[in-house]
Amino acid sequence: PAPPYYQGRYSNGILWNEYLYGSFARFTPTPPHPNGGNVNYAFGGARTDTLVPFPPGLPAQIGTFATTGGRFAPEDRATIWAGANDIF
């Protein structure tokens, strides 16, 4: 659909990983994440490389995770989905 998108995302509803893990909190770059819960580092239109500065590619997204705490607890689940925008 045309903007505005669902909760500011490129979607008309919740995302597939929210069906698995629950809704996402808005990312606040202050460790530990004060919003708790699920955190989404993804950017619509991102690629798996660093050839363009925006949107941040997968290496930059992983770097943001690493520089803002970058740890998983034993009960955490992580999902990485990338590559389709490289084809497009």
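1. Gly69, just after α2, takes a positive phi of about 120°. Most residues other than glycine have a negative phi, and most peptide bonds are trans. An exception to the trans form is the bond joining Phe54 and Pro55, which is cis, with omega about 0°. Pro55 belongs to the loop between β2 (38–39) and α2 (58–67).

2. On the source: this is a predicted model, in which local features need pLDDT of at least 70 and side-chain atom pairs count only at pLDDT 80 or more, while totals for chains, interfaces and linings use all residues. Residues are numbered from 1 along each chain as its sequence is written, and side-chain values use heavy atoms, with hydrogens and water left out.

3. The protein chain has 3 helices and 2 strands, in the order α-β-β-α-α from the N terminus. Helices (H or I, at least four residues) and strands (E, at least two) are DSSP runs, numbered from the N terminus. Of the 88 residues in the chain, 19% are buried; buried means under 20% relative accessible area, exposed over 50%, and partly exposed in between (1.4 Å probe, protein chains only). The accessible surface comes to about 6,600 Å², with 59% belonging to carbon and sulfur atoms (Shrake-Rupley method, 1.4 Å probe; for residues, only the protein chains shown count as cover). Among contacts (heavy atoms within 4.5 Å) between residues at least 6 apart in sequence, 30% join residues at least 24 apart.

4. In helix α2, Leu58, Gln61 and Phe65 are buried. Seen down the axis of α2, the buried residues fall within an arc of 65°, so they line one face of the helix; the arc is that of the directions from the helix axis to the C-beta atoms. Ala66 and Thr67, on the other side of α2, are exposed.

5. The structure holds 4 aromatic pairs. Rings of Phe, Tyr and Trp (its six-membered ring) pair if their centres lie within 6.5 Å; planes under 30 degrees apart count as stacked, over 60 as edge-to-face and the rest as tilted. One of the pairs is Tyr41 with Phe65, edge-to-face at 5.9 Å centre to centre and 85° between the planes. This pair links distant parts of the chain, with Tyr41 in the loop between β2 and α2 and Phe65 in helix α2, 24 residues apart. Tyr41 and Phe65 are both buried, and ring pairs link them with Phe72 into a cluster.

6. Phe43 and Phe54 form another edge-to-face pair, with 5.8 Å between centres and 80° between the planes. Both residues lie in the loop between β2 and α2, so the pair ties together parts that are 11 residues apart in sequence. Phe43 is partly exposed, with a relative accessible area of 38%, and Phe54 is exposed, at 61%.

7. The count of salt bridges comes to 1, the criterion being a side-chain nitrogen of Lys or Arg within 4 Å of a carboxyl oxygen of Asp or Glu. Asp49 forms a salt bridge with Arg47, and the closest N and O atoms are 2.5 Å apart. Arg47 is partly exposed, at 27% relative accessibility.

8. Ser11 sits in the segment before α1 (16–21) and is buried, with a relative accessible area of 11%. The side chain of Ser11 reaches the backbone oxygen of Gly13 at 2.5 Å. Leaving aside neighbours within four places in sequence, Ser11 is in contact with Tyr5 and Tyr6.

How values were computed:
A polar contact is a pair of N or O atoms within 3.5 Å; within protein, one must be able to donate a hydrogen and the other to accept it, and residues adjacent in sequence count only if both atoms are side-chain atoms.
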